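Grab the viewer and work through a few exercises on burial, salt bridges and helix packing. Try each task before you read its solution.

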Amino acid sequence: MQLTLWTYEGPPHIGAMRIATAMRGVHYVLHAPQGDTYADLLFTMIERRDQRPPVTYTTFQARDLGGDTAQLFKNAVADAYERFKPEAIIVGASCTAELIQDDPAGLALALDLPVPVIPLELPAYQRKENWGAAETFYRLTRGCIGAFPRPARTTDRLVKTCNILGPTALGFRHRDDLHEITTLLGQLGVSINVIAPLNARPSDLARIPDADFNIVLYPEIALNLATWLERQYGQKFINITPIGVGATRDFIAKVAELADIDATAMLTQTASRLNWYSRSVDSTYLTGKRVFIFGDATHAIAAARVAADELGFEVVGLGTYAREFAREIRTAAKLYNIEALVSDDYLTVEAAITAANPALVLGTQMERHIAKRLGIPCAVISAPVHVQDFPARYSPMMGFEGANVLFDSWVHPLMMGLEEHLLGMFREDFEFHGDAAPSHLGGKPVQAQPEPVLTTNQATAIWGADAEAELKKIPFFVRGKARRNTERYAAEQGTALINIETLYNAKAHFSS
Amino acid sequence: MSDVAIPKIGCGDLPVLRERGQREVFCGLTGIVWLHRRIQDAFFLVVGSRTCAHLIQSAAGVMIFAEPRFATAIIEERDLAGLADANDELDRIVDQLIERRPDIKLLFLVGSCPSEVIKLDLSRAALRLSKRYTPALRVLSYSGSGIETTFTEGEDACLAALVPELPASPAQSLMVVGTLADVVEDQFRRLFAEMGITNVGFLPPRRAADMPPVGKGTKYILAQPFLAGTAVALDHRGATRIAAPFPLGAEGTALWFKAAGRAFDIAKSKIDDVLAKPVARARAALMRQRAVLEGRTIFFFPDSQLEIPLARFLSRELGMVLSEVGTPFLHREHLAEELALMPADVQLSEGQDVEKQLDRCRAAAPDIVVCGLGLANPLEAQGMTTKWSIELVFSPVQGFEQAGDLAELFARPLRRRALLKV
């Protein structure tokens, strides 16, 4: 068992629901106990969808367990088909139904429905939401190819076409990312064959092999499928996440290469305001700001590149909850000379943030929680997210407009430059003191957070009162680092009592 | 209001439409969301799957930003291999938890669908852990699984688990059973004191140390309609139930207090004196909402078992017309007084087949639909006005002073619909 306060991902059947809900003409029959319909409100409330997810639950109860739950499931499939007349049906079990082993696949196939019925095997005690989504997308596409007629492929057509794979329901900014990327492809003159799963129909999935290449927009969802499509149909795929200016340019270059298009014009023009905003002198104070990044691997890796190369931050922590992408995140972390954190334990993440003592946290809804406790500015870059991160306004993460959004939303929680300077000079103002929230955020002064107690065995030196007072004069967002460095210095020097002298010696020692 | 306002003809004998099919309801685990705030030194450890953890986190929404007093021990592949192992694992998890939260006095092991299907014996685990941690910590268990419980039945299961733990006392006392908002509890305590009933306990209490005593002299009155199991457990301890409608609205609350007063032989004139002012205040507050609600039709999807008392309140005190009133479970004995007050032509339904019920709802085209969050926005998109039902469990709605607020909860979506020009 694992003690869990917070879970970064839902169970795998939620991933399957995200695929079914994203699509049209698909129905999902889920063998699940009463109560599992809570998942509907993720879609109707958090994403604010105006329709019920296309999911029929068997919602069995204890009294049903003595009877024939298999018959209950068969009836649910038959009724769902009659009522919704979908073009394809997926069937599967939730965690509890997995235990009673009714074999949804066999039962549904025995009904001999006139549409493709695709069974899902989602091991709920081993795997999680994103894995479930990827598996469902892959199985469903395989099941639909061949089940629907498609026109013969013309091999010698002039314009190359691509598929965009990955956007789902309940995806973080998928709606606007997709708009941004399709616009970009339109400007490049690339023609799009199928976008899936968002708004696709089963018959559209069947046409996926017609394209010349695939764009994997969200590897967590679509990498499995794209890998299979490459093996099966020889379709190359692009796995560059176009988040940030640099990555967007790399993406354009790769698309141009696969589509035989000249993209020189698009690559040379400045299409994002981030470039200039970040170069303007107002942004100078952002240089070297310590940032901790956590999320799904795709967004975390992309955010690290933007933070380091496009905003001039120092990446002091990089991690993901997605074990499937551990290798990718470890490779990325090497670029910043740090050790990647791969964990789905929220308490471990909290400890890592506390230890790294960043000035900014870029993370998920949970890191917001941690950052709030620690009094650190925070911006959300990845799912899981809550209702406020499904905004009404246009808010992509990807492409050039996405870069504009990133600049604004990451800089916003930081204290503005002038205020930061004034705090460095005058520490005892009754309103604008070091422990107050940034005044542009309008918040009330926050309670001074106790500085993190470090669990290093070397922090044995005692702080003198004078040094302690001097430490308080250091701006709050670097104070933790100064304390740690001083203690490390004291330990190295064998100093037992830290005085002002030790403090400044340490400052000189580490500033080289 | 006459003392015995219960008319002879009600819907007590009317047939109820019983349906089985897909049920769009929460499981009993959801009760943790409010119970952990009510009993301030209790911790709720769900033994279940990632789905259970995900459910509570989704239901708790933003509130989870505060350090929550609940968590999930997620069953993993290796736990499914053998039961002995699962018990060791549970002990390890509880050790870990107590280390993190040493302030906890009462720990509930909450059963879920997976833990029940694999027949993990949580009551034995609770006994074992209680012995180990006595006297600093008591460990109890109950089921909040979807296969056993629907939404508020989780509270019933929790309170029923508490009943054997209550101290024994033969003294005359009144016990109010069911979670109430702090403000409502305080109002009720004051009114009982004015009536001359002073030995009043509340279950659940705000702290584990304040458990109300129970015994032959205890008379209990239910403040919530979903407490079937708790009532049985209290009966076993010798307590007797005071039958009454539920304290929703001016009328319901007055009848509730009168029933309690009669049970303690308080003079009728005394009870009337105490209730006169708050009843008048509540009626005045209701008059203002009546303008919005009178003559409007309302349709209830099943959710919390509060539906019948709410429908009674809305029809009798606000003049609403009842379309269908659905409830997940209808306890005829506990709801006898309510059913007697319902209009004779009401369509009651117990259980659910959600697709068929949606068909009926669309055909009835009510002015307002009370339903869960999974249905609310889709119905709004179809042009219906909805009131999401969970709010009725999370808001202070019982008692005289809240009667107007309760009506406002139903009036607000209608006023909003009239207000919006987009």
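Keep in mind that this is a predicted model.

**Exercise 1. Place Glu350(B) in its strand and decide whether it is buried or exposed.**

Solution. Start with the secondary structure: Glu350(B) sits in strand 12 of chain B, which covers residues 347-351. Next, check the accessibility, which is 11% in relative terms. Buried means under 20%, so Glu350(B) counts as buried. Now look at what surrounds the residue. Beyond its neighbours within four places in sequence, Glu350(B) contacts Val16(B), Leu17(B), Arg18(B) and Glu19(B), and also Thr327(B), Pro328(B), Phe329(B) and Leu330(B). Finally, zoom in on Leu330(B): its backbone nitrogen is 2.9 Å from a polar atom of the Glu350(B) side chain.

**Exercise 2. Find the salt bridge between Asp64(A) and Arg20(B), and work out where each partner lies and how accessible it is.**

Solution. First the distance: the closest N and O atoms of Asp64(A) and Arg20(B) are 2.3 Å apart. Then the location: this pair crosses between chains, with Asp64(A) in helix 3 (residues 62-65) of chain A and Arg20(B) in the loop between strand 1 (16-19) and helix 1 (32-38) of chain B. Last, accessibility: Asp64(A) comes out at 10%, so it is buried. Arg20(B), at 51%, is exposed. For context, the count over all chains is 56 salt bridges.

**Exercise 3. Take the salt bridge of Arg173(A) with Asp389(A) and say which parts of chain A it ties together.**

Solution. Begin with the pair itself, whose closest N and O atoms are 2.9 Å apart. Arg173(A) is in the loop between strand 6 (161-165) and helix 8 (174-188), while Asp389(A) is in the loop between strand 14 (378-380) and helix 18 (399-411), so the bridge links parts 216 residues apart in sequence. Check burial too: Arg173(A) and Asp389(A) are both buried.

**Exercise 4. Now do the same for Lys268(B) and Asp272(B): how far apart are they in sequence?**

Solution. Both residues belong to helix 10 (residues 268-293) of chain B and are four residues apart, about one turn of the helix. Their side chains form a salt bridge at 2.9 Å, N to O. As for accessibility, Lys268(B) is partly exposed at 47%, and Asp272(B) is partly exposed at 29%.

**Exercise 5. Describe how helix 11 and helix 16 of chain B pack.**

Solution. Two packed helices are described by the angle between their axes and the distance between the axes. Here the axes of helix 11 (residues 307-318) and helix 16 (residues 403-419) of chain B come within 12 Å and cross at roughly 95°. Angles of 65 to 115 degrees count as roughly perpendicular, and therefore helix 11 and helix 16 of chain B are roughly perpendicular to each other. To finish, pick out the side of each helix that meets the other: helix 11 of chain B brings Leu310(B), Phe313(B), Leu314(B) and Leu318(B), and helix 16 of chain B brings Ala403(B), Leu406(B), Ala407(B) and Phe410(B).

**Exercise 6. Which residues have the most contacts inside the largest nonpolar core?**

Solution. The core has 220 residues, and the ones to pick are Ile293(A) and Phe108(B). Then list the partners of Ile293(A) beyond four places in sequence: among them are Ala300(A), Val315(A), Leu318(A), Leu362(A) and Ile381(A). A second, separate core of 51 residues includes Val47(B), Ala86(B), Ile93(B) and Leu120(B).

How values were computed:
Residues are numbered from 1 along each chain as its sequence is written. Chains are lettered from A and ligands numbered from 1 in the order in which they are written. This is a predicted model: local features need pLDDT of at least 70, side-chain atom pairs count only at pLDDT 80 or more; totals for chains, interfaces and linings use all residues. Side-chain values use heavy atoms; hydrogens and water are left out. Helices (H or I, at least four residues) and strands (E, at least two) are DSSP runs, numbered from the N terminus. Buried means under 20% relative accessible area, exposed over 50%, partly exposed in between (1.4 Å probe, protein chains only). A polar contact is a pair of N or O atoms within 3.5 Å; within protein, one must be able to donate a hydrogen and the other to accept it, and residues adjacent in sequence count only if both atoms are side-chain atoms. Contact means heavy atoms within 4.5 Å. A nonpolar core is a set of buried Ala, Val, Leu, Ile, Met, Phe, Trp, Tyr and Cys residues joined through side-chain atoms within 4.5 Å. A salt bridge is a side-chain nitrogen of Lys or Arg within 4 Å of a carboxyl oxygen of Asp or Glu. Axes are lines fitted to C-alpha atoms, for helices over the stretch in contact, and angles run from 0 to 180 degrees between N-to-C directions. Angles under 35 degrees count as roughly parallel, over 145 as roughly antiparallel, 65 to 115 as roughly perpendicular and the rest as oblique.
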